[in-house]
Amino acid sequence: MLATGPHLRSHKAASPLLASHFRVHSYQRESPDRRRPSRLRPLRCFSGSPPPEAAAGVLGAMAAAVGEMVWVPILGKGVFRFDTSVDARAAAGPSLSFADPRQREVPREERDIPVVVPACEVSGNVQKVVIKLPSGTSFYGTGEASGPFERTGKRIFTWNTDAWGFGPGTTSLYQSHPWVLAVLPDGKALGVLADTTCRCEIDLRQECTIKFCAPSAYPVITFGPFNSPAQVMTSLSLAIGTVSMPPKWSLGYHQCRWSYDSCEKVLKVVRTFREKGIPCDVVWMDIDYMDGFRCFTFDGNRFPDPKSMVDDLHSTGCKSIWMLDPGIKKEKGYFVFESGSENDVWIRKADGSPFIGEVWPGDCVFPDFTCGRTRTWWASLVRDFIANGVDGIWNDMNEPAVFKTTTKTMPESNIHRGDANIGGVQNHSYYHNVYGMLMARSTYEGMAMSNTDKRPFVLTRAGFIGSQRYAATWTGDNLSTWEHLHMSIPMVLQLGLSGQPLSGPDIGGFAGNATPRLFGRWMGVGSLFPFSRGHSETGSVDHEPWSFGEECEEVCRLALLRRYRLLPHIYTLFYLSHKKGAPVAAPLFFADPQDPELRKIETSFLLGPLLVCASTLPNKGAHECAHKLPKGVWSPFDFEDSHPDLPVMYLQGGAILPVGLPIKHVGEGSLEDDLSLIVSLDENGRAEGVLFEDAGDGYDFTQGRYLLTYYVAEVCSAVVSVKVRKTEGSWMRPKRNLNISILLGGGAMISSRGVDGEELHLTMPSDSEVSSLVATSELELKKRLEMIRPIPDIDEPSGQEGAELSKIPIDLKSGDWLLKVVPWIGGRIISMTHLPTDSQWLHSRIEINGYEEYSGTEYRSAGCTEEYKVIRRYLEQSGEGESVCLEGDIGGGLLLQRHISIMQDNPKIVQIDSTILARSVGAGSGGFSRLVCLRVHPTFTLLHPTEVVVAFTAISGLEQEIFPDSGEVTLEGDLLPNGEWMLVDKCAGLSLVNRFDPSMVRKCSVHWGTGDINMELWSEERPVSKDTPLRICHQYELRQTC
């Protein structure tokens, strides 16, 4: 029978024709094109009053397509604001992305004309904006986004989501940046910002076309085209602001783990860093330190005296950062809950009562950070919290994440009593994407209140474009896999190209167990990211640098010593980013935007003129890979630390790189320490570089108390002179030695020593001497690399939870689909990506979910954890289509055999044919096995949890819809789907169709989870013999419904 919930509806189909017509209108998103066929008209540019037809519609009654947008110049030259009409301009809410929202509203006096004018279409309350650009345009930006670096062919939705274990096809992560950077064929660049806080679709699937779709009304801001992508980023910073200047210690290495659950453990970790000579500046406290997960409290047994612990840390040169979540335990007597209730700061439900949602402490209330009163209340709590010696604060779970809900967050109908200058009273759908940024802002302001002589350091998981004004960020809960190592590079670059330069991943992966080589390789590249932190979840093996053997420990030590030698340069890059908005880590094409071959490179990046080339291949080190270099001179170099598991480094011709000593923490260094300049001359024998120095903390630098030195090197008559060209700031130059190294190529160099501030001279060797030096250097490097033992590629023992994902899955790729299969964990499919729509449908954690099958009616019965053997594999080239046949021993003489295929004759369909077979059932049982049931258990990701429905026609002829708040629904008998049911995403306009033979399926089951859904197929339950196996053969196909 059917266990119906309040949101399962049915209706009788009158006829096949009528039923088909009904399904289209019930299950598919109504498209503007379906309501009124229209074509975007050619646009004309105007800077004065709009023509009457563009201003005639009034927002809310605007149902017709609109082709022209009114525009006005704002900010600086080349920046324009576009709106669908004058009325829409007036109706648009205040900007939360702009550092000064008034700047978006004030026209600029210069009346230059935009080169690119968007087209728009408004239907109901939805505004679609389209920008067509020349063939050969490349797309970047879109903020925190997984998948390939160049974004053509991709679509994302800005909706901050707790995306644990995200994959390359995940369309909504933790942050929202409705921003696209377009690099045109000639190397010029254009930036486009859809200035809306609401859920926004960014569609780049059509070549050279940008589409935004979001609720009306919102303006679109264009930046450029300018001569280079760097100029676009500088122009963007005039709007959204630049990164707050970080304290210098925050640019050191950070060590974190969810399970540092006592003062003793924290101090032991830091002591081990010092004893082993591995650099580290910061240790982090996850929720372990709290009393029952109550924010602003300390566990009295495990952290009895946090101030004393912090003093011990400070004595060793180590800072501490502590987590604060938005969920406040609803508990009488808890001082945070009591004071928040007295100040009326909680988010309300539509009925006016405080919203209560479950997070780590249990039932929680949530501060309404859209209200100035709430931000002041929170800031005062932070100010008092800092008195415990806290050096920085980590805002987590601030999407906001809520447990045990399909949407993973609070209802969109919740009410925020926002300040008038940020949008006023609105429901949660309006403020969801800025909740994390506003929390980070409140935390930042509280830290600033606590000590005006220190720069706040805040790390936030959720954010919005402009969050860099208040906080750093990381790329969320990633996995300990080679795929996630690879994705970490483009993700950091993408954030930098969206205005957030201070970011990095969880080095080694948060979830699962890294192998020694994976961890060491990740540390090699992660040590050179703008933000460098290792972090892992409780239950995994230890992920400290010394946890994976001596070889890995040595690689981590070398990698972090590199970072600390480069800190003078990295700190200078952050000063330049703070002043001008330039990314700290930039993509390779920044060196030559006109070269199309540089635009898709994902394993190399620039730190100013320093080029870092990494390898994310398990069996090939960076020195074994072919690295594409931009035009010009690029000189390889190292610190006599080259290693097969470390990236290789190049310095651009014409650059001078300032480097320091290999210190173990920032406080160990001094401005009087020796300074080194590494010089790479260009084709004309010239090089320049810059070094920023100040106190490393506080705000004296804003009053001119700093030293900014511009160095120059020039060759004249075979003599290189190196001198200070000019300086800025009121600081006197420290008395220190200066070491000069001139790169000759192939890692060879000549060196000299002098005093900083004085002109130094080096005589260049002759051409033949240079050739000899280069040959000798290359030979020595080759010998050194041959003598060094790489980190062994040893998997963790199979008993360790999560270890298996460090292996490489089997890829099935053909036609419309790319599947990833892991035979060693239940033969599971962990990823199912539809290539034409770039949509990933399976939700997979380390050892559960994805596509699983069981052999019994019990949840996770035999079949889902065993190691399967690959007994057949066909590749598309063989003419058989892509397929793999797996076989797992499920005990009692039974095998579960699974044939997964994407057939060549119909590549739109994935077919899974599974059978429970009796291989060696004993004669004493009459040749029959125990009772078994083949239970197909896929877990699908809900891209838009509030916009999905399961739809089908039952055997009885009833048309059914099962909605997310239905809970668990079982379908049997005449109410079983008649061979087909589908998961319909109305927002994306996609339906995942599952077809099966009803004679093989006894019942279907639907279970709505937190951001996911199980759509199960069950066979009958009975014994099997060699002649009577159990079988379910079924198919998946994706239909576009709009």
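This passage describes a sheet, its flanking helix, aromatic and charge contacts, and one annotated domain in a predicted model.

An open sheet is built from six strands, arranged in the order E2-E3-E13-E10-E9-E6, with antiparallel pairing. Strand E2 (70–73) and strand E6 (138–141) stand at the edges; each has a single partner strand, so one side of each is left without a neighbour in the sheet. From one strand to the next, the twist averages 25°. Within this sheet, strand E9 (residues 179–183) pairs with strand E10 (residues 189–194) in the antiparallel sense, and the pairing runs over five bridges. Val 180 stands opposite Val 192, a residue of E10.

A helix is placed against part of this sheet. Helix H6 (residues 229–240) lies across four strands, namely E3 (79–83), E9, E10 and E13 (220–226). The helix runs at about 145° to E13.

Aromatic pairs were examined next. The structure holds 44 of them. In one of these, Tyr 253 and Phe 273 form a tilted pair, with 6.1 Å from centre to centre and 45° between the planes. Tyr 253 belongs to strand E14 (residues 253–255) and Phe 273 to helix H7 (residues 263–276), so the pair ties together parts that are 20 residues apart in sequence. The relative accessibility of Tyr 253 is 0%, and this residue therefore counts as buried, the cut-off being under 20%. Phe 273 is also buried, because its relative accessible area of 1% falls under the 20% cut-off.

Ring pairs also link residues into a cluster. Its tyrosines are Tyr 289 and Tyr 435, and its tryptophans are Trp 322, Trp 346, Trp 377 and Trp 378. The phenylalanines in the cluster are Phe 296, Phe 298, Phe 303, Phe 337, Phe 369 and Phe 385.

Contacts between a charge and a ring were found for a lysine and an arginine. The charged end of Lys 248 sits over the ring of Tyr 571, at 5.2 Å from the ring centre. For Arg 533, the charged end sits over the ring of Trp 284, and the distance to the centre of that ring is 4.7 Å.

The last region considered is taken from a database record. In an unreviewed entry, UniProt places the feature "domain: DUF5110" at residues 676–743. In the model, this span is 59% strand and 0% helix. The C-alpha atoms at the ends of residues 676–743 lie 13 Å apart.

Conventions. Residues numbered from 1 in each chain as written. Predicted model: local features only at pLDDT ≥ 70, side-chain atom pairs only at ≥ 80, totals over all residues. Heavy atoms only, no water. Pairing = 2+ DSSP bridges. Helix = DSSP H or I, 4+ residues; strand = E, 2+ residues; numbered from the N terminus. Axes fitted to C-alpha atoms, helices over the stretch in contact; angles between N-to-C directions. Contact = heavy atoms within 4.5 Å. Phe/Tyr/Trp six-rings, centres within 6.5 Å; stacked < 30°, edge-to-face > 60°. Buried < 20%, exposed > 50% of the residue type's maximum accessible area, 1.4 Å probe, protein only. Lys NZ or Arg CZ within 6 Å of the ring centre and 35° of its normal. UniProt positions renumbered as here; feature names shortened; annotations may be inferred.
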